[in-house]
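Trainee: Could you take one part of this model and go through it closely, starting with a single residue and working outwards to the elements around it? I would like the terms defined as you go.

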Amino acid sequence: MIKERTRAVISLSALRHNYLTIQKALKDRTPDGQNVPEVLCVVKANAYGHDVSIVSEALGNAGCRFFAVSSAEEALELRKLELSRGREPQILILGYTLPENTAEILSAHVLLTAVSPEHALAMADAAEKAGVLPLRLHIKLDTGMNRVGFSAHEDNAVRTADAIARLAADPRIEICGMFTHFACCDDEMEADPAHAEERMTMQQYRRFLRIRSLLEERGVSCGFCHTANSAAIFTYPTTYLDGVRAGIALYGISPDGKLHPELDLRPVMRLETTVGHIHTLPVGEHVSYGATYTAENERVLATLTIGYGDGFLRYCSPSHAAIGGQKFPIVGRICMDQCMIDITDAKSTIIPGDTVVLFGDDHGETLLQLAEYGRTIPYECLCAISPRVMRIAGN
């Protein structure tokens, strides 16, 4: 068996810990521990880069019975995986589904999302034609993200409620749930709780409740309602409804990209690579493309077997890598398949074949630091890890 020179080690214990930590947070923030919302585990984008097979198996073993994905392809892959394990959790597609894919999705017992009345009717027509009714779906409300969904803005609320009521009256359609997505909840994590009602998250939540109330007046059940994402789980318990969607928090990262030790989340991915070569860089010589680094005195460099082709992108160039608990700076530009670190000051012998940690343990960089280098967010850093990096289940 070939040993991977670069690998992402997925900590099953950290993943389970985060899932149980989220469940505890929900219970602690729910009055008297009654009607604790269900956790929808979001495993879209290959479980945020962590490998949906590894992650879904671990979460299922921990008790998860409801997953959320982004697309038809992801839903069918996950359904196949779960059936092979003898399980049949609920699976919800959060995004737009092409109407022509409706029949195959319904046959796999997957819940669809309707992003507009026209979308719902187009899927219903496709389901009727294929003979796979009813069309079981969730309604996506646009409460302020202004991306997709039935408009829940004040001027459109009544029209939207009427449109949903008409869909509910259609014998081909079964409305199983309704949800929205908060646009600024992660940015508001450290805001003063005393002014919560004035912030955008609560404005969006009130718009959601308005639509739900209008539907109740029309005798329409919304089914399973969910608005809270990872940030809202920890900061907006008033937005808990029937369920919450846990995404980035499952993977051990604070939604706002900052350190919050009080949340007790543990990083799930550790990105490792290998020392491939060691050489001496003479005074005045340069390193890598563009000759952006010049040796002012003789340096010892180690070439690592990872680059932007693996998802360790060029914006990571100012970061460090760890070998045996000691951090070393990356020098020069990161290449497609390789990058270089300065090991001149190594406190112990380093040889080709040694393991190197890029992020994910107590010695290397944190994912938050990498994101800061690239002026991006941890989500992007994780999702950028390419398919050629083997994901390995670890302790």
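Mentor: Let us start with Asn-35, which is exposed at a relative accessible area of 73%, where exposed means over 50%, buried under 20% and partly exposed in between, for a 1.4 Å probe and protein chains only. The model is a predicted one, in which local features need pLDDT of at least 70 and side-chain atom pairs count only at pLDDT 80 or more, while totals for chains, interfaces and linings use all residues. Residues are numbered from 1 along each chain as its sequence is written, and side-chain values use heavy atoms, with hydrogens and water left out.

Asn-35 lies in the loop between helix H1 (12–29) and strand S2; here helices (H or I, at least four residues) and strands (E, at least two) are DSSP runs, numbered from the N terminus. The phi of Asn-35 is near 55°, a positive value in a residue other than glycine. Most residues other than glycine have a negative phi, and most peptide bonds are trans.

The loop leads into S2 (residues 38–42), which pairs with strand S3 (residues 66–69) in the parallel sense over two bridges, pairing being assigned if DSSP finds at least two bridges between two strands. Val-42 has Ala-68 of S3 as its bridge partner. On its other pairing, S3 is joined to strand S4 (residues 90–93), again in the parallel sense, over four bridges, and there the bridge partner of Phe-66 is Gln-90. In a regular strand the side chains alternate between the two faces of the sheet. Both faces of S3 are covered, with Phe-66 and Ala-68 buried on one side and Phe-67 and Val-69 buried on the other.

The helices H3 (residues 52–62) and H4 (residues 72–84) also belong in this picture, packing at an angle of about 50° with their axes 10 Å apart; axes are lines fitted to C-alpha atoms, for helices over the stretch in contact, and angles run from 0 to 180 degrees between N-to-C directions. H3 and H4 are therefore oblique to each other, a term that covers whatever is left once angles under 35 degrees are called roughly parallel, over 145 roughly antiparallel and 65 to 115 roughly perpendicular. Their crossing is right-handed, meaning that the near helix is turned clockwise from the far one by less than a right angle, whereas an anticlockwise turn would make it left-handed. The contact (heavy atoms within 4.5 Å) is made by Val-52, Ser-53 and Ser-56 of H3 together with Glu-77, Leu-78, Leu-81 and Glu-82 of H4. These residues divide into three nonpolar, two polar and two charged, with Ala, Val, Leu, Ile, Met, Phe, Trp, Tyr, Cys and Pro counted as nonpolar, Asp, Glu, Lys and Arg as charged, and the others, Gly among them, as polar.

For a second backbone case beside Asn-35, turn to Arg-375 in the loop between helix H10 (367–373) and helix H11 (378–384). The phi of Arg-375 is near 50°, likewise a positive value in a residue other than glycine, and Arg-375 is exposed, with a relative accessible area of 81%.
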